[in-house]
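Q: Could you walk me through one part of this model in close detail, and then show how its surroundings are put together? I would like the reasoning along with the numbers, please.

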Amino acid sequence: MTAPLRLELGLPGQIMPPASAAVRFAQRAEADGFDAVWWPDHLMGWHPDSLWTPDLTPLANTQENPHTYFDPLVMMGAIGAQTTRLRVGVVVTDLIRRHPAVLAQTALTLDHLTSGRAILGLGSGEQLNVKPYGLPWDKPVGRLSEGIDVMRLLWRAGGPVDFEGRFFNLRKAVLGLSPYGQAPPPVWTAAHGPRMLELTGRKADGWLPTKMALGEYETSLKTIQDAARDAGRAPEAVTPALLGYVLTGPDEDTVQRLTEQLLVRALCVLLPDRVFRQLGFEPPLAAGGGAGGSGFHDFVPTAVGRQEALRIAAAIPPEVVRYYAFCGTPEQVADQIREYAVAGLRHLVMWNITAFGDPSLAKWSFGAMKQLRAELSR
């Protein structure tokens with residue numbers, strides 16, 4: 001009999017007050033057997049304020065706005081210091097808002113607070129966290145690649161170092177703090193496009209994209225592993241992970257209803273135009289007369305009025321939701337996840353978005369996450 005695949009399972013950490021509840025949630029996740037808790041790094045949420053109204057979502061009655069986020073690195077330290085086994089991570093931060101030297105020091109501090117259980121997730125950045133705050137949005141992949149070099153240089157340096165790059169420059173810079181163990185915290189990258197995949201193979205310890213089609217996941221993982229080999233690294237040096245939205249219900253009729261809900265469909269604006277076209281649909285950003293592109297790089301929710309936000313959400317059909325999220329009963333979702341595990345997935349962040357579709361199912365869906373963990377452990 002073939003042994004079951006070992007798949008690590010993570011959950012999203014609580015992102016809003018009270019902080020004491022966030023600690024209790026993580027401690028319960030550890031007791032329930034989950035492997036990690038992850039926080040997003042957002043100043044701004046993905047839902048436009050114009051959609052966050054009681055007539056469109058009951059969530060607006062209890063949460064003032066869609067932009068309430070704890071700082072993920074602070075939460076990683078707080079939770080890591082009050083758990084014993086659970087890994088903690090950020091999914092993901094960037095080197096636009098956080099200078100690589102400062103982040104290198106923060107990561108090492110987290111390394112000590114968590115006894116080596118911190119994971120540093122990095123991406124090239126999202127425009128909604130950059131442009132509204134007056135930060136540079138130029139060559140984000142190049143900035144990320146160079147910034148990783150700066151961090152690793154400081155982590156391994158035994159004294160002052162110099163670095164001359166396009167984005168960062170060091171002159172007799174020093175970082176005297178050493179890692180908790182033999183190696184600094186692992187760096188996982190949120191890679192999707194060719195340049196980011198190649199960067200991941202050359203420089204990262206893990207790969208943490210958002211959900212994509214199974215075949216694309218397999219092909220992208222091969223690109224990463226080939227890049228690792230070309231760089232003289234073992235392909236298994238890069239942990240294949242995935243951030244997967246989970247939309248779950250007790251039966252198929254409920255799941256279908258959830259895929260049709262406005263706030264759920266609105267999340268799919270993050271997908272690039274090419275995905276909508278591959279699925280046979282007009283990209284919602286381009287359909288409105290805009291330049292199109294990708295929500296990650298081209299969408300600023302606070303700049304979108306209600307009429308346009310409703311148009312965008314209405315232009316995203318339930319079929320796109322089923323592409324972007326694991327959708328189904330817990331048993332069906334477990335079967336979908338197993339296919340990715342066979343394709344190489346080793347760490348899944350199960351991001352439960354069921355409450356966006358129906359807040360009354362929130363409590364049930366948290367129980368479904370535990371059921372999913374049990375199903376995938378068999």
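A: Happy to. In this predicted model, let's begin with the sulfur of Cys268, which sits 8.3 Å from the closest cysteine sulfur, in Cys327, and that is too far for a bond. A disulfide would need the two sulfur atoms within 2.5 Å, so Cys268 and Cys327 do not form one. Seen from the other side, Cys327 takes part in no disulfide, and its nearest cysteine sulfur is that of Cys268, 8.3 Å away. The count for the structure is zero disulfides. Both cysteines are shielded: Cys268 is buried because its relative accessible area is 2%, under the 20% cut-off, and Cys327 counts as buried at 4%.

Now for helix 2, which spans residues 72-80 and is mostly covered, with seven of its nine residues buried. Those residues are Pro72, Leu73, Met75, Met76, Gly77, Ile79 and Gly80. What do they pack against? The buried residues of helix 2 meet three strands and two helices, namely helix 1 (19-31), strand 2 (36-39), strand 3 (87-94), helix 3 (100-113) and strand 4 (118-123). At the N-terminal end of helix 2, Asp71 acts as a cap, with a side-chain oxygen 2.9 Å from the backbone nitrogen of Leu73.

Leu110 gives a residue-level view of this packing. Leu110 lies in helix 3 and is buried, with a relative accessible area of 6%. Leaving aside residues up to four places away in sequence, Leu110 touches Leu73, Met76, Gly77 and Ala118; among these, Leu73, Met76 and Gly77 are buried residues of helix 2. Leu110 and Val88 are 22 residues apart along the chain, and their C-alpha atoms are separated by 9.3 Å.

Strand 5 (residues 161-164) shows another pattern. Val161 and Phe163 make up its covered face, while Asp162 and Glu164 make up the uncovered one. Side chains in a regular strand alternate between the two faces of the sheet. Strand 5 is linked by a hairpin of four residues to strand 6. The two strands run antiparallel and are joined by three bridges, with strand 6 covering residues 169-173. In strand 6, Ala173 is the bridge partner of Val161, and Val161 belongs to the covered face of strand 5.

Methods:
Residues numbered from 1 in each chain as written. Predicted model: local features only at pLDDT ≥ 70, side-chain atom pairs only at ≥ 80, totals over all residues. Heavy atoms only, no water. Buried < 20%, exposed > 50% of the residue type's maximum accessible area, 1.4 Å probe, protein only. Contact = heavy atoms within 4.5 Å. Polar contact = N/O pair within 3.5 Å; in protein donor to acceptor, adjacent residues only side chain to side chain. Pairing = 2+ DSSP bridges.
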